[in-house]
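Student: I've got the file open and I'd like to talk it through with you. Can we take it question by question?

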Amino acid sequence: MKAAQRHWWLRHSSRLGIYLALLAASAFYLLPVYVLVVTSLKSYAEANLAGMWHLPSAPSLESFLRAFEQLRPHFRNSFYLTIPATLLSSLLGSVNGYVLSKWRFRGSEVLFPIMLFGMFIPYQSILIPLVQVLQRVNEMAEALWVPAALRGLVPGYGSIAGLAFVHIVYGIPITTLIFRNYYATVPNELVEAAKIDGANIFKVYRWVLFPLSMPAFAVVMIWQFTSIWNEFLFALVLTQNPAIRPVTVALYNLAGSYIVEWNVQMAGALLAAMPTLLVYIFLGRFFMRGLLAGALKG
Amino acid sequence: MRRLSWDRIISILLILPSILAIAIFVYGFIAWSGWVSLSNWDGLRPDLSWAGFVNYAKLFATPRFQIDIRNTVVFTTFFLGACIFLGLGIAILLDQGIRGENFFRSLFLFPMAISFIVTGVTWRWLLAPGDPATGRLTGINVLLGNLGLPLSRWYTDPTVVYIQPTSAVGQFLQQVGLGFLTTPNFGIPLAMFSIVIAATWQMSGYVMAMYLAGLRGIPEELREAARVDGASEWQVYRHIVFPLLRPVTLSVVIVLGHISLKIFDLVAAMSKKGPGFATDVPAYFMFETTFQGDHYSQGASIAIFLLVTVSLLVVPYLIYSTRREAEV
């Protein structure tokens with residue numbers, strides 16, 4: 001009886017220890033969230049100095065309104081950038097993954113890791129030529145008399161289309177990787193059977209692979225949406241014109257100016273994080289899979 | 001038969017644009033950057049005349065760059081250490097069949113969905129030190145002060161901890177010809193810990209998820225068999241679980257390592273180069289040199305240095321995983 005009691009206590013105290021440790025870890029992860037929320041609900045006078053841990057005495061949404069006022073055009077830019085770039089790069093990745101898994105050719109096994117290398121490089125190492133080439137694209141558009149109405153679609157330097165184009169190009173490795181690994185799990189017999197029935201390469205894709213692709217599309221689209229929305233270096237270097245800056249650069253500039261109060265900065269940070277956070281909250285399952293695919297497990 | 005070869009041609013045509021894009025935008029541009037780094041291009045006007053390795057010689061002789069290398073080593077060491085410790089620790093706790101596992105897992109992973117800029121802006125406010133001299137504290141320092149704990153100047157701290165030449169260890173090192181170790185270039189800049197904390201906050205959940213997936217891949221029978229043989233819980237981990245998690249640790253080191261080597265966003269948003277370059281990193285130095293200073297060839301040399309360090313880490317791993325896949 002005594003031994004049993006001691007056993008019970010041991011088992012339960014170690015359980016308790018586990019929960020306490022997890023709660024302590026939770027506090028670390030939630031600390032910034034607490035400060036973000038509390039600070040952005042405060043007025044400027046209250047948001048300063050020693051009182052930053054206190055709850056707001058009179059919670060108001062004023063900081064959010066002021067942050068949103070400043071960030072609104074940049075939110076629009078980010079959506080204009082992220083949505084088309086996500087859709088196009090997912091389609092491209094799907095086609096690449098299809099070819100590399102079901103239409104392998106001599107050398108495709110060597111080609112694949114050579115493509116993958118592109119997702120690890122520090123983008124600083126391609127930034128100087130990239131700026132030059134995109135500037136050249138603008139000059140070409142000018143020389144070719146591209147009508148003003150279509151200028152927005154020219155993927156040149158200092159335009160949202162240019163930035164989207166860059167994200168599509170440098171998104172090729174990761175999107176191809178995820179689709180290729182996903183299609184590798186689709187039995188080749190299905191493809192062979194369709195071919196025997198007379199389906200060509202497009203029909204096999206359209207009627208066999210594509211209908212099975214929705215989970216992979218979900219993973220890739222969520223991955224691309226999150227990374228393009230959060231991206232900073234390309235956005236910073238390729239957008240000299242303040243009017244077309246995405247929200248990460250706008251937040252960076254907002255936080256960099258000393259005139260802007262902390263409460264507005266925190267509200268701005270919370271707003272900028274909101275779209276990807278919502279995606280994470282509602283579609284976290286797919287987000288996880290993208291993350292683990294990024295670790296490249298063969 | 002003819003149809004099949006027609007499909008074959010189309011399959012090549014479908015992937016050709018991507019191959020060309022990667023060939024030009026990755027490999028072509030890297031070569032182009034390499035060329036710029038060997039040129040005389042200094043200023044807004046492109047000048048691709050041959051300079052040789054002058055830019056690299058100049059770079060390695062630049063004190064700021066030497067400090068950057070030190071900072072990268074310090075940051076990578078502590079960032080990887082903290083992430084693996086926290087990530088593995090939490091993964092083991094979550095693997096004990098606890099209640100609310102999904103909730104905790106989502107909680108620890110959510111920072112991964114956020115931009116480094118948001119993280120940087122938030123932690124800059126959290127770690128704003130206030131003024132410890134007058135007692136007007138801000139951020140984490142308020143909590144530390146209330147608990148009677150020592151305060152830190154966080155990312156505003158210019159202190160570099162290194163082996164003093166006058167200390168016993170320092171004198172010994174000088175006698176055996178290792179006197180260069182007793183300089184700040186082989187020290188630890190305290191400000192860097194602020195970046196480590198923010199980066200760990202963002203990335204450790206990812207490490208947790210990877211280890212948790214690894215733990216779930218270990219058959220329960222293996223552990224049970226060891227327990228039947230009389231192994232204690234610690235011995236089960238020491239001799240069964242940890243060795244089986246080694247491939248996960250390899251992935252973690254590669255993924256976090258290459259992120260750490262090229263870290264830019266977080267530093268830019270939090271502290272920039274910091275006092276006495278205490279939080280400066282090569283990627284930020286490259287950005288300032290190239291796009292604010294217009295020293296293009298010098299900037300390109302930093303970029304190529306970054307690329308080489310990342311490649312040393314990633315290329316063997318890519319070859320290794322391709323081979324392993326070919327075997328399967």
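Student: How many helices and strands does chain A have?
Tutor: This is a predicted model, where local features need pLDDT of at least 70, side-chain atom pairs count only at pLDDT 80 or more, and totals for chains, interfaces and linings use all residues. Residues are numbered from 1 along each chain as its sequence is written, with chains lettered from A and ligands numbered from 1 in the order in which they are written. Elements are DSSP runs numbered from the N terminus, helices being H or I of at least four residues and strands E of at least two. From the N terminus on, chain A reads α-α-α-α-α-α-α-α-α-α-α, so the count is 11 helices and 0 strands.

Student: What is the radius of gyration of chain A?
Tutor: It's taken over C-alpha atoms, and the globule rule to hold it against is 2.2 Å times the number of residues to the power 0.38. For 298 residues that rule gives 19 Å, and chain A is well over it, so the chain is more spread out than a compact globule, with a radius of gyration of 25 Å.

Student: What share of the residues in chain B is buried?
Tutor: Buried means that 20 or more other C-beta atoms lie within 10 Å of a residue's own; 12 or fewer makes it exposed, anything in between partly exposed, and C-beta atoms are placed from the backbone. In chain A, the buried share of the 298 residues is 46%. For the 328 residues of chain B, the figure is 42%.

Student: Is α5(B) largely enclosed or hardly covered?
Tutor: Its buried residues include Phe116(B), Trp123(B), Arg124(B) and Trp125(B). In fact 11 of the 11 residues in this helix, residues 116-126, are buried, so α5(B) is largely enclosed by the rest of the structure.

Student: And how many buried residues does α7(B) have?
Tutor: Helix α7(B) covers residues 168-175, and after it comes Gly177(B). The phi of Gly177(B) is positive, near 80°. As for the helix, it is hardly covered: among its 8 residues, the buried count is 0.

Student: Which helix of chain A gives the most to the side that touches chain B?
Tutor: Call two residues in contact if their C-beta atoms, placed from the backbone, lie within 7 Å. Then 68 residues of chain A are in contact with 78 of chain B. The chain A side divides into 54 nonpolar, 13 polar and 1 charged, where Ala, Val, Leu, Ile, Met, Phe, Trp, Tyr, Cys and Pro count as nonpolar, Asp, Glu, Lys and Arg as charged, and the others, Gly among them, as polar. The top contributor, with 15 residues, spans 262-294: helix α11 of chain A.

Student: Are α13(B) and α14(B) roughly parallel or antiparallel?
Tutor: Residues 282-292 and 296-327 form these two helices, which pack with their axes 8 Å apart at an angle of about 160°. Axes are lines fitted to C-alpha atoms, for helices over the stretch in contact, and angles run from 0 to 180 degrees between N-to-C directions. Under 35 degrees is roughly parallel, over 145 roughly antiparallel, 65 to 115 roughly perpendicular and the rest oblique. Therefore α13(B) and α14(B) are roughly antiparallel.

Student: How far apart in space are Leu88(B) and Leu212(B)?
Tutor: Leu88(B) sits in helix α3 of chain B, residues 63-94. Leu88(B) counts as buried because it has 23 C-beta neighbours inside 10 Å. In sequence, Leu88(B) and Leu212(B) are 124 residues apart, but in space, C-alpha to C-alpha, the separation is 7.9 Å.
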